[in-house]
Amino acid sequence: MRILVAGSSGLIGTASVAWLRAHGHEVRRLVRRPPGAPDEWSWDPRTGRVDPAALDRVDAVVNLCGSSVGARRWSGAVKQELRDSRIVPTDVLAAAVAAAGVPTLVNAGAVGFYGDTGETVVDERSPAGQGFVADLCRDWEAATAPAREAGVRTIVLRTGIVLAPHGGILRRLEPLFRLGLGSRLGDGRQYMSWVALEDAVAAVGFVLGRGDIAGPVDVTGPAPVTNARFTEALAHSVHRLAPWTTPGFVVAAVAGEMARALVLTGQRALPAVLESTGFEFRYPTIGAALGNALAS
């Protein structure tokens with residue numbers, strides 16, 4: 001396939017480009033600067049401009065754009081940036097895909113769509129939750145409408161917490177846990193829907209190759225865990241103990257609304273579509289996923 005990728009410099013984007021090329025696909029990358037390599041094509045989401053040649057004879061567009069939701073405390077400006085970095089590029093690419101007649105659009109999303117689910121299990125059939133993150137994810141998915149309405153096969157990847165060797169949440173947590181400073185956060189009962197980076201990237205390739213898959217797809221491991229269990233598993237992986245608890249009010253005082261929305265609440269989301277269509281997880285348990293990421 002010839003695949004055009006936006007957001008190729010991010011954690012999942014970088015790994016996805018490498019995976020797709022390793023599996024024989026031709027990958028073009030959209031960049032927001034003048035192209036500096038033969039595989040780069042320019043675009044500017046702010047003005048809605050996409051180089052038309054980038055979409056020539058393309059079989060699919062993969063949009064992985066979006067700034068990190070957990071990198072900073074949320075101010076009004078940061079929350080607007082989180083929206084603009086997702087919704088604007090999605091709207092631009094969905095319209096471009098529809099105009100160019102590209103058969104498939106794979107767009108990033110997040111399990112935050114479901115809001116705080118407590119102990120309730122959710123999957124792709126479940127409704128949207130409440131709160132800033134759920135509203136953001138719902139509007140993000142709605143921005144794919146131009147493609148869907150044009151008959152483009154449109155897939156939204158509702159991705160969980162990505163466990164990666166050199167980035168994401170483990171880049172911040174691993175040093176603390178190796179020092180014996182890891183702790184359960186709040187009451188520890190909030191669920192974490194995680195996925196190994198290798199499985200997240202393989203899922204991108206899987207849905208591209210399955211013409212019968214459309215709509216939302218949960219990209220999460222098959223066994224979500226509570227924060228308490230995640231803390232225990234991460235401490236075990238680095239051969240340390242983590243008997244401590246950081247009270248929820250302390251976490252909220254440090255990180256504000258972001259902590260209340262992302263750290264002290266969570267989703268117990270299952271990858272029903274992937275499992276029902278035969279996707280095989282290489283790292284189906286939290287222990288296996290952490291062991292692989294930290295060993296790498």
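**Cavity**

I searched the whole structure, which is a predicted model, and found one cavity of 30 Å³ or more. On a 1 Å grid over the protein atoms alone, a cavity is a set of points where a 1.4 Å probe fits but cannot get out. I noted about 30 Å³ of space in the largest cavity, a volume being the space filled by probe spheres set on the points, with grid points joined across faces, edges and corners.

I then listed its lining, meaning residues with an atom within 4 Å of a point. Ser-68, Val-69, Gly-70, Ala-71, Arg-72, Trp-74, Val-78 and Leu-82 line the largest cavity. I sorted this lining into five nonpolar, two polar and one charged; Ala, Val, Leu, Ile, Met, Phe, Trp, Tyr, Cys and Pro count as nonpolar, Asp, Glu, Lys and Arg as charged, and the others, Gly among them, as polar.

**Conventions**

I recorded that residues are numbered from 1 along each chain as its sequence is written. For this predicted model, local features need pLDDT of at least 70 and side-chain atom pairs pLDDT 80 or more, while totals for chains, interfaces and linings use all residues, and side-chain values use heavy atoms, with hydrogens and water left out.

**H2 and H3**

I looked up helix H2 (residues 76-100) and helix H3 (residues 132-142), whose axes come within 9 Å and cross at roughly 15°. Helices are DSSP runs (H or I, at least four residues) numbered from the N terminus; axes are lines fitted to C-alpha atoms over the stretch in contact, and angles run from 0 to 180 degrees between N-to-C directions. H2 is therefore roughly parallel to H3, a term for angles under 35 degrees.

Contact here means heavy atoms within 4.5 Å. H2 contributes Lys-79, Leu-82, Arg-83, Arg-86, Ile-87 and Thr-90, and H3 contributes Phe-132, Asp-135, Leu-136, Asp-139 and Trp-140. I classed these residues as five nonpolar, one polar and five charged. Leu-82 of H2 is one of the residues that line the largest cavity.

**H1 and H6**

I found that the axes of helix H1 (residues 11-22) and helix H6 (residues 197-209) come within 9 Å and cross at roughly 60°. H1 and H6 are therefore oblique to each other; angles count as oblique when they are not under 35, over 145 or from 65 to 115 degrees. Residues in this contact include Trp-19 of H1 and Leu-208 of H6. I counted ten nonpolar, two polar and no charged residues in the contact of H1 with H6.

**H7 and H11**

I noted that helix H7 (residues 227-237) and helix H11 (residues 286-295) pack at about 40°, with their axes 10 Å apart. H7 and H11 are therefore oblique to each other.

Key:
Helix = DSSP H or I, 4+ residues; strand = E, 2+ residues; numbered from the N terminus. 1 Å grid on protein atoms, 1.4 Å probe; cavity = no way out; pocket = protein on both sides within 12 Å on 5 of 7 lines; lining within 4 Å.
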